[in-house]
Amino acid sequence: MKTNVKKIAMDGVITQNPTFKLVLGTCPTLALTTAAMNGIYMGMAVIFVLICSNVLISLLRKIIPNQVRIPAFVLIIATFVTVVRLLLDYFLPDLNDVLGLYLPLIVVNCIILARAESFASKNTVLASALDGLFTGIGFMIGLTVLGLVREILGQGAAFGLKLWSFKIEFFSSPAGAFFTYGVFIALFSFISSLIEKKRKLKLYAKLIESKQQNNTETECE
Amino acid sequence: MAQFLMIIVSAVFINNFVVVQFLGICPFLGVSKTTKSAFGMGLAVTFVMTLTCLITYPIYTYILVPLKIEFLEIIVFIFIIAALVQMIEMALKKFSPTLYRAMGIYLPLITTNCAVLGVAELVIDKAQIASLIGIAPSAMNIGFAVLYGLFAGVGFTLAIVLMSGLRGKIQRLPINKHLKGFPIAMIAACFIAMAFNVFALI
């Protein structure tokens, strides 16, 4: 079976974007998007856990009995989260403080269990690793975009660099988190519906064209 | 007594689990369509959170710390929670069918609820929990842990019931199809968060 890299990439980053389309893993999304850098850190932690857990689950997919698969998946995910936590504790202790409670909570992040259940337990190792990578990138992009918007509006800064002194405190508060996220989901749905409409129109135009061609051909005969 | 009040105010209002600390957002958005289901979910979460604190706190302090295997806490906690939820479900089914009908269907969802793992992780972080409820880190004990778990659950119930009321009203309004569902729920949650923000200011 050939691995369709392009489809997996499109699904993970755009059409099945975990943040804006599936609305999974909302807790870290809302809590950590006060700054754009947080999104990148959290995204990297999630990418690591997703790839590792997807690969291991995919390797073991024929061994794990169906009845106990969920506890087995949770154990695998919890192991990799512990690994990330220990690594961060040793190499980047500051980062551990930034992510705080949300680092151990990657275990119960719906994205990872969802990918394990719906993709890794049914597909090959390579496809699962790619799926983990691209879904993680989709999550990271979502968090970073939201974080950037909130940082610019709420603190007048981008990626920690001061831009101007104008700021709206609302966007740094919890209420601003809900507001920005809500507006972004609506925008994402609006834009994807526009693209869908355009694609349908193009398809329709092509259909008519081919019909006309057929007609002319029959007329010639 | 003052300490007791401080825990209630801190856990329910100032550091409300849902709208200030962003824990348990999935059920907050998913199970808040009607007030009845929201209350059932809140009840189940409160119950599980209290019991989780009662079990995980001593296990961490008296088993993991003396053996110097604190780093295993995530794995241990998630298994305790999963086993606990399973046992509560069985016990309720056998001993209290009425209570089971009220919150039974929400119990399986709770294992992957970040609020429950969140509270277990929070009460063992002595410095953080002590600053949240205003006590010295060394004075932290199992009593405070269980109380915090209980009232964090009450705070969760309060937020989710408020949300269900708001959503009930929103459903009757004509809304743009792109805003329907999650986006409008998020914006409704934004107003609840603003209301809770007042407690942080005083």
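# Reading a two-chain predicted model

User: How many helices and strands does chain B have?

Analyst: Chain B contains 10 helices and zero strands, and you should keep in mind throughout that this is a predicted model. Followed from the N terminus on, the elements of chain B therefore read α-α-α-α-α-α-α-α-α-α.

User: What pattern does chain A follow along the sequence?

Analyst: Chain A has eight helices and two strands, and when you read along its sequence the pattern is α-α-α-α-α-α-α-β-β-α.

User: How should I read the radius of gyration of chain A, and what does the globule rule give for 221 residues?

Analyst: The idea is to set the value of a chain beside what the globule rule gives for its number of residues. For the 221 residues of chain A the rule gives 17 Å, whereas the radius of gyration is 22 Å, which is well over that value, so chain A is more spread out than a compact globule. Its C-alpha trace spans about 80 × 55 × 25 Å along the principal axes.

User: What radius of gyration does chain B have, with its 202 residues?

Analyst: Chain B has 18 Å, and this agrees with a compact globule, which for 202 residues would have a radius of gyration near 17 Å. Taken along the principal axes, the box filled by the C-alpha atoms of chain B is roughly 60 × 45 × 30 Å.

User: Which pLDDT does each chain average?

Analyst: The average is 87 for chain A, with 96% of the residues scoring at least 70, and 86 for chain B, with 99% of the residues scoring at least 70. Within chain A you can also look element by element: helix 1 (residues 5–15) of chain A has the lowest mean pLDDT, at 81, and helix 3 of chain A has the highest, at 92. For the model there are two further scores, an ipTM of 0.86 and a pTM of 0.87.

User: How do I read a crossing angle, for example where helix 4 of chain B and helix 7 of chain B cross?

Analyst: An angle is named by the range into which it falls, and those between 115 and 145 degrees count as oblique. The axes of helix 4 (residues 73–95) of chain B and helix 7 (residues 114–124) of chain B come within 10 Å and cross at roughly 130°, and the two helices are therefore oblique to each other. Helix 4 of chain B passes helix 7 of chain B in a right-handed crossing. Phe77(B), Ile78(B) and Ile81(B) of helix 4 of chain B make this contact with Val116(B), Leu117(B) and Ala120(B) of helix 7 of chain B. Sorted by class, the contact has six nonpolar, no polar and no charged residues.

User: At what angle do helix 7 of chain B and helix 9 of chain B pack?

Analyst: Helix 7 of chain B and helix 9 (residues 142–171) of chain B pack at about 145°, with axes 10 Å apart, and this crossing is right-handed. Ala115(B), Val119(B) and Val123(B) of helix 7 of chain B meet Ala145(B), Tyr148(B), Gly149(B), Ala152(B) and Phe156(B) of helix 9 of chain B. Here the classes are seven nonpolar, one polar and no charged residues.

User: Which residues of helix 3 of chain A meet helix 6 of chain A?

Analyst: Val49(A), Leu50(A), Ser53(A), Asn54(A), Ile57(A) and Ser58(A) of helix 3 of chain A meet Ile112(A), Arg115(A), Ala116(A) and Ala120(A) of helix 6 of chain A. By class, that contact holds six nonpolar, three polar and one charged residues. The axes of these two helices come within 10 Å and cross at roughly 35°, in a right-handed crossing.

User: How many residues does the contact take from chain A and from chain B?

Analyst: The contact takes 32 residues from chain A and 30 residues from chain B. On the side of chain A that touches chain B, helix 2 (26–32), helix 4 (69–91), helix 6 (110–120) and helix 8 (174–220) of chain A each supply at least two residues, and helix 8 of chain A gives the most, with 11 residues. That side of chain A divides into 25 nonpolar, seven polar and no charged residues.

Terms used
Residues are numbered from 1 along each chain as its sequence is written. Chains are lettered from A and ligands numbered from 1 in the order in which they are written. This is a predicted model: local features need pLDDT of at least 70, side-chain atom pairs count only at pLDDT 80 or more; totals for chains, interfaces and linings use all residues. Axes are lines fitted to C-alpha atoms, for helices over the stretch in contact, and angles run from 0 to 180 degrees between N-to-C directions. Helices (H or I, at least four residues) and strands (E, at least two) are DSSP runs, numbered from the N terminus. Angles under 35 degrees count as roughly parallel, over 145 as roughly antiparallel, 65 to 115 as roughly perpendicular and the rest as oblique. A crossing is left-handed if the near helix is turned anticlockwise from the far one by less than a right angle, and right-handed if clockwise. Two residues are in contact if their C-beta atoms, placed from the backbone, lie within 7 Å. Ala, Val, Leu, Ile, Met, Phe, Trp, Tyr, Cys and Pro count as nonpolar, Asp, Glu, Lys and Arg as charged, and the others, Gly among them, as polar. pLDDT is the predictor's confidence in each residue, from 0 to 100. The radius of gyration is taken over C-alpha atoms; the globule rule is 2.2 Å times the number of residues to the power 0.38.
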